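Here are a few short exercises to work through with the model open. Try each task before you read its solution.

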Amino acid sequence: MKAKAPHKPGRPAPSRKVSFASVAQQPSTLRRLEPWLYLLGLAVAGFAIYGRSLYGPFLFDDADLLEVRSAVRIKNLYIILSGPRPLTILSFALNHALAGVDPFYFHLVNVVLHILNAAILWRIVRLLSPPAPIAYLAPLLFLASPVQTESVAYISSRSEVLAAAFYLLALWAFLAPWRDRRPWANAGLVAVLFGCSVSSKQHGVTLPVAILLVDYFFLAHCDWRQLKKNWRAYAVLGVEMAAGGFIVVRNIINVPSAGFFLKDVTWKSYLLTQFRMYFLYLRLLLFPVGLNADYDIQPSRSLLEQGSWLALAGLLLLVGAAVYLRRRLALVSFGVLFFFLALLPTSSFYPLLDYAAERRVYLSSIGFFLAVLALAWEWRPARQSLVRACGAVLILYAAGTYSRCRLWQDPLALWLDTVEKSPRKWRGYTWLGLEYQKRGRFTEAGAAFQKAAELVPPNTPEQAEIFSSLGSTFNNRKMYDEAIPYYQAALQIRPAGTSTVWTNLGLAEIRVGRAEGWNDLQKAIRVNPLAWEPHFARGNLYFEMGRYEDAIRDYRRVLNLVPDLADAQNNLRAAEAAAALTRQALPQSGKK
């Protein structure tokens, strides 16, 4: 046997050839950690982008969640579960039970849910077997897009984020590898998640169709005959839809901000306007500039108004192209159809009070990002350039969302931004006035309410509320003579009035020496026997007059209605102490 020649110093040692495939097949620590590192990156990016929103206050409809007699405070399970969005309200009730009324923890749950949705989306897209960059980029775009700011930073929009979480979990469960081994268990799990999604917000009702699209495009590979393999899931979902359809219809009919009985929005004008709104949402997803908390949309009364016919033609062209290219560009076609499907419950013929809202595009944006990425991947020759371009877009998106969170953190800045972008819409001025009022800037609040009163339709309940708010700006400055006419104007529009209007009117009249103010306080109690404000106001007046026993009765009535109202508890203790001192002084004065 011939001996090997010794290796000479100064010359490189001969190396063995190792194929790239053999290296790739060897599991490395980095490869094993890759999923966890990506999920960690999603979490870090999510908190970095939305960190400012965690310190925002309750805004807009958030205050309704924490009214003293709300389901969130009372935590009555029957009331919660019989409402239109039981799981969303239940989540708020748990928030309140664990952390009180600190908005930080309400915001924290929203942000965590949004990050969770991005993570679930990543798992779903990987199961669809697209090119790897698409699987990693789509969740990041979904996470960082500025259009999602309202859904995440606005506490009441948790319904969107929570419903999407169950929706995406159901899609993930349907695509799970064990579906074929345990089809009935898989169908049952998907059905439970479907019920949870609809119980968070009704637009989750589109989930069965979304599952059908996923099955057709990615499991059956565009062969309808293959769909019968998953007949169990469709059977269970069909039975569940039939059983729960009545409940869903009952709940959406009774919502005051939606339905066929809206006075100012008809189903026809809403539908014709929505043709245009699809393109507004597409523009906001592609170029998220000019975001607005309250869009001022001029409705289309016919196809010829506001370009509705052109929008309809564009929609038909997009859907037609998606159907035609379904075999060649499956992911693109799926994304387009999913975008329209997810928007259908809020952007069709069923009227809603607002023609457009950014939160409605939360779930449908997934289809948009998948379609755009897949189309760019097909047509872009230099794919590394595509990845770099998406990286630049992500940076711009993240910066825009971070900046937008600043507005949602500061309600005054948010409503100033809103009235600047929608100067002809009264609602933004109303909320601006309320925010000025909270800050004690009553003159500026009065100016905002005055502008709202000029824009709001006359002789409407909304105008009555604005007049009442105007009166309060004078009441808070002790300008009672100026406040009274506005309260009376509100009562002319709504003669029955509300407990708040009668209470404030009564206080103003008493302050200027009008005896009828006491009768108005009593009217406030008759209008709403469960209202605590008139009792509290009258108790304060009795306390000022030295009628401590009368004050004690009113404060106790307040605490019967609202046991945890701190001001009433403190005032009751002060009234009881003053009454005790008075009783002690009476015998001594008698002896003298």
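Before we start, a definition: a charged patch is made of residues with over 30% relative accessible area and no salt bridge, with like charges joined within 9 Å. Keep in mind that this is a predicted model.

**Exercise 1. Find which residues gather in a patch of negative charge on the surface, and work out where aspartate 61 lies.**

Step 1. The patch of negative charge brings together Asp61, Asp64, Glu67 and Glu533.

Step 2. Now zoom in on aspartate 61, which sits in the loop between α2 (29-50) and α3 (62-65).

Step 3. Its relative accessibility is 36%, so aspartate 61 counts as partly exposed.

**Exercise 2. Decide whether glutamate 358 is buried or exposed, and list what it is in contact with beyond its neighbours within four places in sequence.**

Step 1. Look in the loop between α16 (330-343) and α17 (365-379); that's where you'll find glutamate 358.

Step 2. Buried means under 20% relative accessible area. Glutamate 358 has 1%, so it is buried.

Step 3. Leaving out those neighbours, glutamate 358 is in contact with Val147, Glu150, Leu284, Leu291, Asn292 and Tyr295.

Step 4. For a sense of distance, try leucine 521: it is 163 residues from glutamate 358 along the chain, and their C-alpha atoms are separated by 42 Å.

**Exercise 3. Work out which parts of the chain the salt bridge between arginine 404 and aspartate 417 ties together.**

Step 1. Side chains of opposite charge can pair when their charged atoms come close.

Step 2. Here the side chains of arginine 404 and aspartate 417 meet at 3.3 Å, N to O.

Step 3. Arginine 404 belongs to helix α18 (residues 383-409) and aspartate 417 to helix α19 (residues 411-421), so the pair ties together parts 13 residues apart in sequence.

Step 4. Check the surroundings: arginine 404 and aspartate 417 are both buried.

**Exercise 4. Say where the salt bridge partners aspartate 520 and lysine 523 lie, and classify each as buried or partly exposed.**

Step 1. The closest N and O atoms of aspartate 520 and lysine 523 are 3.9 Å apart.

Step 2. Both residues lie in helix α25 (residues 516-527), 3 residues apart, or about one turn of the helix.

Step 3. Aspartate 520, at 6% relative accessibility, is buried, while lysine 523, at 30%, is partly exposed.

**Exercise 5. Count the salt bridges.**

Step 1. The cut-off is a side-chain nitrogen of Lys or Arg within 4 Å of a carboxyl oxygen of Asp or Glu.

Step 2. Applying that rule gives 21 salt bridges.

Key
Residues numbered from 1 in each chain as written. Predicted model: local features only at pLDDT ≥ 70, side-chain atom pairs only at ≥ 80, totals over all residues. Heavy atoms only, no water. Patch = residues over 30% accessible without salt bridge, like charges linked within 9 Å, V, L, I, M, F, W, Y side chains within 5 Å. Areas by Shrake-Rupley, 256 points an atom, 1.4 Å probe, with all protein chains shown as cover. Lys, Arg positive; Asp, Glu negative; His and termini not counted. Charge placed at Lys NZ, Arg CZ, Asp CG, Glu CD. Helix = DSSP H or I, 4+ residues; strand = E, 2+ residues; numbered from the N terminus. Buried < 20%, exposed > 50% of the residue type's maximum accessible area, 1.4 Å probe, protein only. Contact = heavy atoms within 4.5 Å.
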